[in-house]
Amino acid sequence: MQPTVIAPSILSANFARLGEEVDNVLKAGADWVHFDVMDNHYVPNLTIGPLVCEALRKHGVTAPIDVHLMVEPVDRLVPDFAKAGATMISFHPEASRHVHRTVQLIKANGCQAGLVLNPATPIEVLDYVLDDLDMVLLMSVNPGFGGQAFIPSALDKLRRVRERIDRSGKAIRLEIDGGVKPENIAEIASAGADTFVAGSAIFSQPDYADVVRRMKDAVAAVR
Ligand SMILES: O=C(CO)[C@@H](O)[C@H](O)COP(=O)(O)O
């Protein structure tokens, strides 16, 4: 299992003060920036693109930027995000006609590649591509919005994907996204996640450091 990472989703940050929000959450102990890209086509919401990613890099953000593409089609945005400073780029298999090709495209552009499974997407989609991935991202809500409740069936799915990753012997991260908070993160970590996206649980609180610390302590207690 990979070292624990807390990746705050900036979807729940104050966009009017985005640079400051990202600085504050990283100073608070967060490890990555989770960057949700929505296109009002693959998902019913519209958010941010490569210009904002580039702006964060120009602002001085050096932490990994974990780009989650909820867009269809995927491929034409990959080079733009790579140039804008993305560290890893994850996408949904339903949004790419050629999943293996998209994985290779992400890597050819110098980024790490992740595949995202929606709550109802079977884990068999990982067949034939798992070994090429740097990360599997399991959605524990339906994509499109922050602040939704964690879907419990994601726990069994985490256990099953963890088994597959362990069997592969590769250093593949297992990320969980949606409804993660200090109160449920221990159970989620026990099921096999090592990388935790949290938006509303962090940005709705006045003290980001306190939430990040409580999350890390809860994970450490079960790992
Ligand atoms: O990708 C998404 C939603 O599509 C997530 O990253 C959410 O933004 C997480 O938000 P919380 O459930 O933690 O509030």
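Helices and strands here are DSSP runs, numbered from the N terminus. With that labelling, Tyr128 sits in the loop between strand E5 (112-117) and strand E6 (135-139). The model is a predicted one, and Tyr128 is one of its backbone oddities: its phi is near 70°, a positive value in a residue other than glycine. Tyr128 counts as exposed because it has just 10 C-beta neighbours inside 10 Å, where the cut-off for exposed is 12 or fewer.

Asn40 tells a similar story. This residue is not a glycine, yet its phi is positive, about 60°. Asn40 belongs to the loop between E2 and helix H2 (50-59), and with 12 other C-beta atoms within 10 Å it is exposed. As background, most residues other than glycine have a negative phi, and most peptide bonds are trans. The second half of that rule has an exception here too: the peptide bond joining Glu72 and Pro73 is cis, with omega at about 0°. Pro73 is found in the loop between strand E3 (65-70) and helix H3 (78-84).

Turning to the interior, the largest nonpolar core takes in 75 residues. Those with the most contacts inside this core are Val67, Ala86, Ile89, Val136, Leu158 and Phe196. Phe196 gives a good idea of how the chain comes together. Setting aside neighbours within four places in sequence, Phe196 touches Val5, Ile6 and Ala7, along with Ile176, Val180, Ile185, Ile188 and Met215.

Met215 leads on to helix H8, where it is one of the buried residues, together with Val211, Val212, Ala218 and Val219. Viewed down the axis of H8, these buried residues fall within an arc of 130°, so they line one face of the helix. Asp217, Ala220 and Ala221 are exposed on the other side. The cover over the buried residues of H8 includes strand E1 (5-8), helix H6 (185-190), strand E8 (195-198) and helix H7 (200-203). The helix geometry holds up as well: H8 has 15 residues (208-222), which at 1.5 Å a residue should span 21 Å, and the end C-alpha atoms are 22 Å apart, in agreement.

H8 also meets a part of the chain from much earlier in the sequence. Gly29, in the loop between helix H1 (18-27) and E2, is 187 residues from Lys216 along the chain, but their C-alpha atoms are separated by 9.2 Å. Beyond its neighbours within four places in sequence, Gly29 is in contact with Ala209, Val212, Arg213 and Lys216. Gly29 counts as partly exposed, with 15 C-beta neighbours inside 10 Å.

Helix H5 is another case with a buried side and an exposed one. Its buried residues are Ala154, Leu155, Lys157, Leu158, Val161 and Ile165. They cover an arc of only 155° around the axis, which puts them on the same side of H5. Leu158 appears again here, having been listed among the residues with the most contacts inside the largest nonpolar core. The buried residues of H5 pack against E6, strand E7 (173-177) and H6. Ser153, Asp156, Arg159, Glu163 and Arg167 are the exposed residues on the face turned away from that buried side. For its 16 residues (153-168), H5 should span 22 Å at 1.5 Å a residue, and this agrees with the 23 Å between its end C-alpha atoms. Gly169 follows H5 and has a positive phi, near 70°.

Helix H4 (residues 99-108) contributes Val103. Val103 counts as buried, with 21 C-beta neighbours inside 10 Å. Its contacts, leaving aside neighbours within four places in sequence, are Ala113, Val129, Asp132 and Leu133. Val103 and Leu130 are 27 residues apart in sequence, and their C-alpha atoms are 10 Å apart in space.

Finally, there is the ligand. A shell of 22 residues surrounds it, and the closest are Ser9, Pro143, Gly146, Gly199 and Ser200. By type, the shell divides into 8 nonpolar, 12 polar and 2 charged residues. Strand E2 (33-38), E8 and H7 each supply at least two residues of this shell. E8 and H7 are also among the elements covering the buried residues of H8.

Notes
Residues numbered from 1 in each chain as written. Predicted model: local features only at pLDDT ≥ 70, side-chain atom pairs only at ≥ 80, totals over all residues. Core = buried A, V, L, I, M, F, W, Y, C linked by C-beta atoms within 7 Å. Buried ≥ 20, exposed ≤ 12 C-beta atoms within 10 Å, placed from the backbone. Contact = placed C-beta atoms within 7 Å. Helix = DSSP H or I, 4+ residues; strand = E, 2+ residues; numbered from the N terminus. Expected span 1.5 Å × (residues − 1). Arc of directions from axis to C-beta. Near = placed C-beta within 6 Å. Nonpolar A, V, L, I, M, F, W, Y, C, P; charged D, E, K, R; others polar.
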